[in-house]
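Biologist: I should be grateful for a close look at a single part of this structure, namely the packing of its helices. Please take a reader who is new to the structure through that part step by step.

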Amino acid sequence: MLSIAELSAWYGAVEALHSISLEVHEGERVALVGSNRAGKTTTLRAISGIVQRRAASLTYRGVDLQGLPPHLVPGLGIAHVPEGRQVFSGMSVLENLLVGAYCRRGRDHAAQQERLDFVFSIFPRLAERPMQSGETLSGGEQQMLAIGRALMLSPSLLLLDEPSQGLAPRVVDEMYEALVHVAATGVTILLVEQNISMALEFASRAYVLENGVISLQGSAADLARDDSIRASYLGL
Ligand SMILES: Nc1ncnc2c1ncn2[C@@H]1O[C@H](COP(=O)(O)OP(=O)(O)O)[C@@H](O)[C@H]1O
Ligand SMILES: [Mg+2]
């Protein structure tokens, strides 16, 4: 579905990603894990085209993403939930969700309502407060809103950047349960997390990023048993 070969990315003259390769297959849940500043966010930005990048190959369902302006990426069915949620303040929950739907062309009112019902079924906490202003939500609710807004696009591929960041363990569990439901509807997920144990529980396969390079990859079960992962990231 998503095929990345030898992808590098830059901030000005500084190269932040060094020739990484990764694959995401239709229907998979894949995690990209690593410590702070490893290049996880940059990888998602490079896929979405919002950072300077170059790859030997960067394709989504056969479409070359390098030849595409970033504003056309959501229309392909790729929804990016950015780091730090970026909920629109001064806008209600409902308005935030409708902004998500706006990025998808050619949707009629009935389709939009159906999508809204779906998001509210996944996140009942949002359904309880459609008129509440985005910035007054709890951290967990804001994260749910950011994911809900992305789901309004009816994406085939969801790019999630550190959804558990700053959330209490109970809220993290609730959010990941919701993501399991989303994945069960056929949405493919590429998850970025610093919370490696959570990510390896959720994903079937994972890549470990260190200093802009992929250092390890494999099934989530194998990585969870890997001695270097257990020592470096899980404190075991
Ligand atoms: N806007 C930016 N300008 C310059 N350098 C950046 C910017 N964002 C990230 N970087 C650098 O790129 C590298 C990778 O960062 P990032 O992708 O944010 O890592 P992660 O998401 O894994 O924490 C780091 O060295 C970071 O300092
Ligand atoms: Mg990041």
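Modeller: The following account goes through the helix contacts in turn and ends with a note on aromatic rings. The model is a predicted one, and the description should be read accordingly.

A suitable starting point is helix α2, residues 93-102. Its axis and that of helix α3, which spans residues 109-122, come within 11 Å of each other and cross at roughly 125°. Angles of 35 to 65 or 115 to 145 degrees are classed as oblique, and α2 and α3 are therefore oblique to each other. The crossing of these two helices is right-handed. On the α2 side, the contact involves Leu-94, Leu-97, Leu-98 and Ala-101, which meet Gln-112, Leu-116, Val-119 and Phe-120 of α3. Sorted by class, seven residues of this contact are nonpolar and one is polar, while none is charged.

Helix α2 also packs against helix α5, residues 139-151. Here the axes lie 7 Å apart, at an angle of about 35°, and the crossing is again right-handed. From α2, the residues Val-93, Asn-96, Leu-97 and Gly-100 meet Leu-145, Gly-148 and Arg-149 of α5. This contact of α2 with α5 comprises three nonpolar residues, three polar ones and one charged one. Leu-97 of α2 takes part in the contact with α3 and also in the contact with α5.

From α5 the description passes to helix α6, which covers residues 169-184. The axes of α5 and α6 come within 10 Å and cross at roughly 15°. Because of this angle, α5 counts as roughly parallel to α6. Their crossing, too, is right-handed. The α5 side of the contact consists of Gly-140, Gln-143, Met-144, Ile-147 and Leu-151, and the α6 side of Val-171, Glu-174, Met-175, Leu-179 and Val-182. By class, the contact of α5 with α6 has seven nonpolar residues, two polar and one charged.

Aromatic rings complete the account. One aromatic pair is present in the structure. In addition, Arg-29 places its charged end over the ring of Phe-202, at 4.9 Å from the centre of that ring.

Definitions and conventions. Residues are numbered from 1 along each chain as its sequence is written. Chains are lettered from A and ligands numbered from 1 in the order in which they are written. This is a predicted model: local features need pLDDT of at least 70, side-chain atom pairs count only at pLDDT 80 or more; totals for chains, interfaces and linings use all residues. Side-chain values use heavy atoms; hydrogens and water are left out. Axes are lines fitted to C-alpha atoms, for helices over the stretch in contact, and angles run from 0 to 180 degrees between N-to-C directions. Helices (H or I, at least four residues) and strands (E, at least two) are DSSP runs, numbered from the N terminus. A crossing is left-handed if the near helix is turned anticlockwise from the far one by less than a right angle, and right-handed if clockwise. Contact means heavy atoms within 4.5 Å. Ala, Val, Leu, Ile, Met, Phe, Trp, Tyr, Cys and Pro count as nonpolar, Asp, Glu, Lys and Arg as charged, and the others, Gly among them, as polar. Rings of Phe, Tyr and Trp (its six-membered ring) pair if their centres lie within 6.5 Å; planes under 30 degrees apart count as stacked, over 60 as edge-to-face and the rest as tilted. A charge sits over a ring if NZ of Lys or CZ of Arg is within 6 Å of the ring centre and within 35 degrees of the ring normal.
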